Amino acid sequence: MFIDPQFQGIKWIRNNQQENNLHVLRFGQDNFINTLVMAVENGESVLIENVEETFDPIIDPLLGRNIVKRGRRNLVQVGDREVEFNPKFRLFLQTKLANPHFKPEIQAQTTVINFTVTLDGLEEQLLGNVVKHEKPGLEEQKAELIKQMNEDKITMKGLEDSLLERLSAPGVNLIEDTELMDTLDRSKRMSAELTERVQKALETSEEISIHREAYRRVAGRAALLYFILVDLGKIDHMYQFSLASFVTVFTSAMDDAEPSTNPVFRENSLVDSITFKTFKWTMRAMFQRHQIIFTALLCFRILLADKQLQAVKMDEFLHLLRCPRSMAMPNPAPEWLSDSCWGAAVGLSALEAFKSLPQDITMRTKPWQKWCDLEMPENEKLPLDYKNKTDFQKLLVIRALRPDRMVNALTQFISNQIGEKFTEDVVFTLQQTYSEATSNMALFFILSPGVDPVKNLEALGEKLGYSEQKGNLYNISLGEGQEENALNSLTKASTEGAWVIIQNLHLMGKWLMALEKHIEKLRLGQLHENYRVFFTGEASTDIPAGILENSIKVTSEPARGTKANLMRALANFHDENMEQCQKDREFKALLFHLCVFHALMVERRKFGPQGFNRVYNFNPSDLQICSELLFDSLDSPQPIPWVPLRYLIGEIMYGGHISDDRDRRLCKTYLESFDKEDFEGAELVPGFPSPTGLSTMEEYKEYALREFPDESPYLFGLHPNAEIGSLTTQTEFIFSTLLNVQPRVAGGEEGDSSMEKGVKKTLDEILTNIPEAFNIQELYNRVEKHEPYVSICLQECERMNILMIEIKRSLTELDMGLAGELTISEAMDQLMMAIYVNAVPATWEKLAYSSLRPLINWWKDLLDRHKQLVDWSAELTLPNSVWLPGLFNPSSFLTAVAQSAARKNGWPLDQTTLTVEVTKKMENEIDAPPRDGAYIHGLFLEGARWDSKMNSLNEAFLKELYPQLPVVYVKAVYIDKPQGRAAVYYECPVYVTKMRGPTYVSDFNLKINPNIGTPGHWVKRGVAILLEA
């Protein structure tokens, strides 16, 4: 059994077993059993590659060596056949899993050999490559030397054995045996010669080692870079890089490095060239959202590896990633410092450099407030005595107190530490990328909505003499039985030197294994030097790692920014088509508005759930179809049908992508102004009126380029806080991802601090605080009348019991595993990893409720929920005010409010609706439940605030992202007909978490002031009530 993520073991075994007619198989492939049976009978070797943690039971008799003797024949069961077993048969299994969890019996039945490349091993391997490149004769000399030394040792051993054999022979007379004496003399002379040769070889070896060590830093950096690339696979499956392809880039970078006779300058030149070339090569394959993560990972790993520089300490680095929060001290300035930021500042005090930070903020709040209120605090020094902290320590403070500025601060830090060129956009042309492809290295275009690289590929092919007309370009779009055609085209092209474009790999998940196998088979033969393969496909875990590793990956994502999207949309249209319309002036003006609408819809998603509840891939084809609808509607003498046009665009074309009702409402709101007033002069977005007097598309493009406002949340109708929120979310995403790719054991300077110690501490803290389970039977016995509120209380207690039992069971099991009393299973390993990264384990999440809190905060919140249920179940009467976020199923409680009123008054439930009234009281001011309905508290607003003086929604204060609502009175009313209250109410959606979407609970009608904003204004603001902020 080979553990072989880098496929080095496969190379070795192919060479080693070539003479024994090696068959390479995979589970599930055609003819698997027949090939295996033939190999067992003929005594040939079989390699089953890419095995997972569990095997097909068909090989169990072979693994268990279940051989039955019948007469002179040795038989073994393979599938449904008894096969004669040839003792020369050899079975090899290979897995690309770096840390597989095989069953104990598998490990007992096989010899496990770990071929995984280690950092030190790879460094030594790459050092040979560097020396071979820089001092061509030196590496060969070393190899020859090693060979000679080994041969000499074998010769010496042979002489010794021969001598001992003659001496030990019975009846030998030492004096009379002349042959023995000659052997003795010869051994003596040869021993002297060999000793002298070994001594010279050792001296030469030391000399060679001194020359090799001069390039140690270059090899060390290259090994570090490769392991960073391996870790990227933990971020996204598409980021698969083979060692062979990395070595190609590494060699190319050495060729490109600036030559010099000065060894120090040359070493620095090599290190810089290898780092930057690998960076550019990798960035081409990265999605935009992951580019800053990769750059930060590269920067931090380089700094951590440089022991002399010590710019980053391991404990501070882990603190930056985890950002632990503590509420051990009360917040001294809640008016400008959020509880989350204060908790992070208190958490920082665990580090020696910041042990007095909470006290300093408490005692001297003004300088800290002034610094926190700066627009760009990352450009200024820290206040007071903290101004002399290192650049990295400054990052820790920004992460705690101004997380929204962390992306900018991180970019600045990277620029200062490893160079500005690592923070600039990497631009590649298709021609450049193509020049790197070879007959063995394909190009893989990772598709994004609205981007199709095939046209550009065909244009490049035409330029280089490849086209379908000439018969030397095969373009296959997978689906509709094209699989066989694709395989045949690859075979033909590999001998003819043609191009093959295979589109939409993500649609054919199961078949891709056959494709990978076919390509590998072709590679073993002679490939034409002009043969090239191009793949396109969306990101998918179905795409085999083998295809990805042997491809140059290129992501093609649309331009970022509303203005860039608008210009891209306008580029799809030309005057000649438009002037055919009867109302060409109106058509161009409305088309321009449509392009602005499209740009807003595409770019709004950058604000996360406050932009859209779910991710929608609006693309240029939506715009194209809408432009054709617009043309058909205007190309007639009839009046323009505004209402059908808006419906088709908002509900069918763009609305067809949208699966969430609140997002569909937003789309319709954007189109409310899409009417005749828009022709000229009306404001399309704030600060951008529709142009007047323009006649050509070129003029419209120039106007957009010149006049379109700078990027800001106002363009979308959002509050500036939306940008702060999205930047804070981006910061959390960056650092949680970086934490997930960290190695499991982190060493401090004074000793190793293992993952197990941290996990054990958290585990003990939770286990000792698990409360007693509710006695459900006793609660049911106390119930006199099963009213809706009582049922809710009982259901919540039952769910709390189930969750607490699972927490106790899994933690007790893990505790025994850490103590060595149980074998660590995969489930225990996942639990341990989740606790280590301060995340709620998946097995608990399934039984719990939606939450984005880190584990420690989640546990404290769970205990608060338990306390509410203890108080509620004590009397089984409705609490004075219900903490709605503290319920597993808050929507069921709201339903119970309606059910209670319907039962009490004899109303039909389907004609009973909820109304809400935001009171002016806080939870501690409520001393009794209401006669009808219920009081609820613990709600937060996002995108707005509640103005108690005006008793309506109002614009949020800057940097106050989640203002709390006062106690809300919920009651049910009977309705004969829907009442027209749209003018003074905003239908505000309620969600459990700020991820919105699937955590939807209900809609609350909140009062609004028409002088501040219409319902459409708050829809564009993305205003919602959250149960967890």
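Q: How do the residues in the lining of the second largest cavity divide by class?
A: In this predicted model, that lining has 9 nonpolar, 3 polar and 1 charged residues.

Q: What makes Ile519 and Arg523 lining residues of the second largest cavity?
A: A lining residue has an atom within 4 Å of a cavity point. The second largest cavity has 13 such residues, and Ile519 and Arg523 are among those nearest its centre, together with Ser439, Tyr531 and Val533. Ile519 counts as nonpolar and Arg523 as charged, because Ile belongs to the nonpolar set and Arg to the charged one.

Q: Which elements supply at least two residues of that lining?
A: Helix H21 (512-524) and strand E12 (532-537) do. H21 gives the most, with 3 residues.

Q: Why is the space of about 120 Å³ called a cavity?
A: The term applies because a 1.4 Å probe fits at its points but cannot get out. The space of about 120 Å³ is the largest cavity, and the second largest has a volume of about 80 Å³. The structure holds 7 cavities of 30 Å³ or more.

Q: Which residues lie nearest the centre of the largest cavity?
A: Arg662, Asp663, Arg996, Val1019 and Gly1022 do, out of 17 lining residues. Helix H28 (661-670) and strand E25 (985-991) are the elements that give two or more residues to this lining, and H28 gives the most, with 4.

Q: What makes Gly1022 polar in the class count for the largest cavity?
A: Gly is placed among the polar residues by the definition, so Gly1022 counts as polar. The lining of the largest cavity divides into 8 nonpolar, 4 polar and 5 charged residues.

How values were computed:
Residues are numbered from 1 along each chain as its sequence is written. This is a predicted model: local features need pLDDT of at least 70, side-chain atom pairs count only at pLDDT 80 or more; totals for chains, interfaces and linings use all residues. Side-chain values use heavy atoms; hydrogens and water are left out. On a 1 Å grid over the protein atoms alone, a cavity is a set of points where a 1.4 Å probe fits but cannot get out, and a pocket is an open set with protein on both sides within 12 Å along at least five of seven lines; lining residues have an atom within 4 Å of a point. Grid points are joined across faces, edges and corners, and a volume is the space filled by probe spheres set on the points.
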